Amino acid sequence: MSTTSNANIDLFHEQILAAVKNKTPLSIEGGGTKSWYGNSNSYTKLDTRIYSGILEYQPEELVITACAGTPLKEIEAALAEKNQMLAFEPPHFGEGTTFGGAIAAGLAGPGRISAGNLRDFVLGVRILDGKGQDLSFGGKVMKNVAGYDVSRLLPGSLGTLSLLLEASVKVLPRPAATISLRCKITQVRALRLVNEWAGQPLPLSASCWIGSPIGGDGELTIRLSGAAAAVKAAIPIMGAAVNASELDPQVATEFWTALREQQLAVFSNLNSDETLYRLALPAACGPLTLENISGDIALEWHGQQRWLKALGDDATYASIKALASAHGGHATRFKHGDNIDPGKQRFTLLSEQVHSTALEAVQARLRTAFDPAGIFATSRLP
């Protein structure tokens, strides 16, 4: 490791110890592209971008290790040179997004339904905890599972447990063949078909249905990825079932990227008094009876992730949460319109879910172990 890298880690260490002494929390931030995600705060920023670079990349081992402040596009470019990829397709939400920021947010794109969640790919991490201790967990290969579960606590923690310094993640080869099909179809039939296909040996790697929540045909787009022979064999089976047409490869790439980055109209046309809600639901969940929804809705991950726009007031949120809970899922205020109080809480503890007392106790013990002085307790994730 270079002298500069050591100096940057020393600087982080000093910032943490000063925060402990002054009893002032630090808000960890990389490129700031997801600063709106989670509950807002105004604490002093700790900028991870000074600790950047790919530390080790072993294409033959399907593992890459990098500093948290490394631009995500740099990671993806290095992988692309070896025809490899981050299979969970993390969203960027901006030009300057970092490797550590992607892990801390824990978000995944269209490929998550077939490849697995971001957390599933984390092999090892190096952190500074709330005492300034330099700790490592996990390893750089799948065989090394020592501390593996601790490594998987960091994804989705939004920087509220520790400062992530480095991470090793599993990567995968790019599929030999990829094609996308599109058709007009009702939400009911789309949900039934994609879940039937997902239970068969078909190379279905992503799906998205966009349409009205009150009925009628919407637009279903599916992506087939894998061995060329498998993709070719699946096209007549799946395409004929819905009279689908094949998308131009460039059009398909632009669509899946826009879906990942939430640049489609179903996400971006958010009125100032509205909120974009994310619903996480079981695979068997059918269409929901939704009221007072603004515009179309989007169903990803074969219906397990659903997006809708509605008023951002507490009553609407309570109604949507209750609906999701009644179907075995949960709802989150993902993004607010400009006229909604930025301090309005987006994330809450799992107090409304089964065994909440036990879950809250575990979470409290984890925070005490990692961060006894509350240096990372910014409430971005309560």
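Here are five exercises on this predicted model, each with a worked solution.

Residues are numbered from 1 along each chain as its sequence is written. Local features need pLDDT of at least 70 and side-chain atom pairs count only at pLDDT 80 or more, while totals for chains, interfaces and linings use all residues, and side-chain values use heavy atoms, with hydrogens and water left out.

**Exercise 1. The open sheet**

Find the order of the 5 strands in the open sheet, and work out which strands stand at the edges.

Solution.
- Step 1: Let's settle the terms. Strands (E, at least two residues) and helices (H or I, at least four residues) are DSSP runs, numbered from the N terminus. Two strands pair if DSSP finds at least two bridges between them.
- Step 2: Follow the pairing across the sheet. The order is S3-S4-S8-S6-S7, with antiparallel pairing.
- Step 3: Look for strands with a single partner. These are S3 (54–58) and S7, so each has one side without a neighbour in the sheet.
- Step 4: Add the twist, which averages 10° from one strand to the next. For angles here, axes are lines fitted to C-alpha atoms, for helices over the stretch in contact, and the values run from 0 to 180 degrees between N-to-C directions.
- Step 5: Now find the helix that lies across S3 and strand S4 (63–67): helix H2 (residues 72–81), which runs at about 25° to S3.

**Exercise 2. A hairpin and its charges**

Describe how S6 and S7 are joined, then trace the salt-bridge network that includes Arg 126.

Solution.
- Step 1: Start with the strands. S6 covers residues 122–128 and S7 covers residues 134–138; they pair in the antiparallel sense over 5 bridges.
- Step 2: Look at the turn. The two strands form a hairpin with 5 residues between them, and Gly 132 in the turn has a positive phi of about 85°.
- Step 3: Match partners across the strands. Leu 128 stands opposite Asp 134, and Arg 126 has Ser 136 as its bridge partner.
- Step 4: Turn to the side chains. A salt bridge is a side-chain nitrogen of Lys or Arg within 4 Å of a carboxyl oxygen of Asp or Glu. Asp 134 and Arg 126 form one, at 2.5 Å from N to O.
- Step 5: Extend the picture. Arg 126, Asp 134 and Glu 166 are linked in a network of salt bridges.
- Step 6: Check accessibility. Buried means under 20% relative accessible area, exposed over 50%, and partly exposed in between (1.4 Å probe, protein chains only). Arg 126 has 16%, so this residue is buried, whereas Asp 134 has 38% and is therefore partly exposed.

**Exercise 3. A link between loops**

Locate the two residues of the salt bridge between Asp 120 and Arg 152, and decide whether each is buried, partly exposed or exposed.

Solution.
- Step 1: Check the distance. The closest N and O atoms are 3.2 Å apart.
- Step 2: Place the residues. Asp 120 is in the loop between helix H4 (112–115) and S6, and Arg 152 is in the loop between helix H5 (148–151) and strand S8 (163–170); the pair links distant parts of the chain, 32 residues apart.
- Step 3: Classify them. Asp 120 is partly exposed at 32%, and Arg 152 is partly exposed at 24%.
- Step 4: Put the pair in context. The structure holds 11 salt bridges; another of them joins Arg 260 and Glu 261, at 2.7 Å, and both of these residues are buried.

**Exercise 4. Aromatic pairs**

How many aromatic pairs are there, and what geometry does the pair of Trp 36 and Tyr 37 have?

Solution.
- Step 1: Recall the rule. Rings of Phe, Tyr and Trp (its six-membered ring) pair if their centres lie within 6.5 Å; planes under 30 degrees apart count as stacked, over 60 as edge-to-face and the rest as tilted.
- Step 2: Apply the rule, and the count comes to 9 aromatic pairs.
- Step 3: Test the named pair. The ring centres of Trp 36 and Tyr 37 are 5.8 Å apart and their planes are at 70°, so the pair is edge-to-face.
- Step 4: Try another pair. Tyr 277 and Tyr 317 are stacked, at 6.1 Å centre to centre and 25° between the planes. Tyr 277 lies in strand S14 (residues 274–280) and Tyr 317 in helix H10 (residues 314–326), so the pair ties together parts that are 40 residues apart in sequence.

**Exercise 5. Ser 157 and its contacts**

Which residues does Ser 157 contact, leaving aside its neighbours within four places in sequence?

Solution.
- Step 1: Place Ser 157 in the loop between H5 and S8.
- Step 2: Read its accessibility: at 6%, Ser 157 is buried.
- Step 3: Search for contacts (heavy atoms within 4.5 Å). Ser 157 is in contact with Ala 104 and Leu 381.
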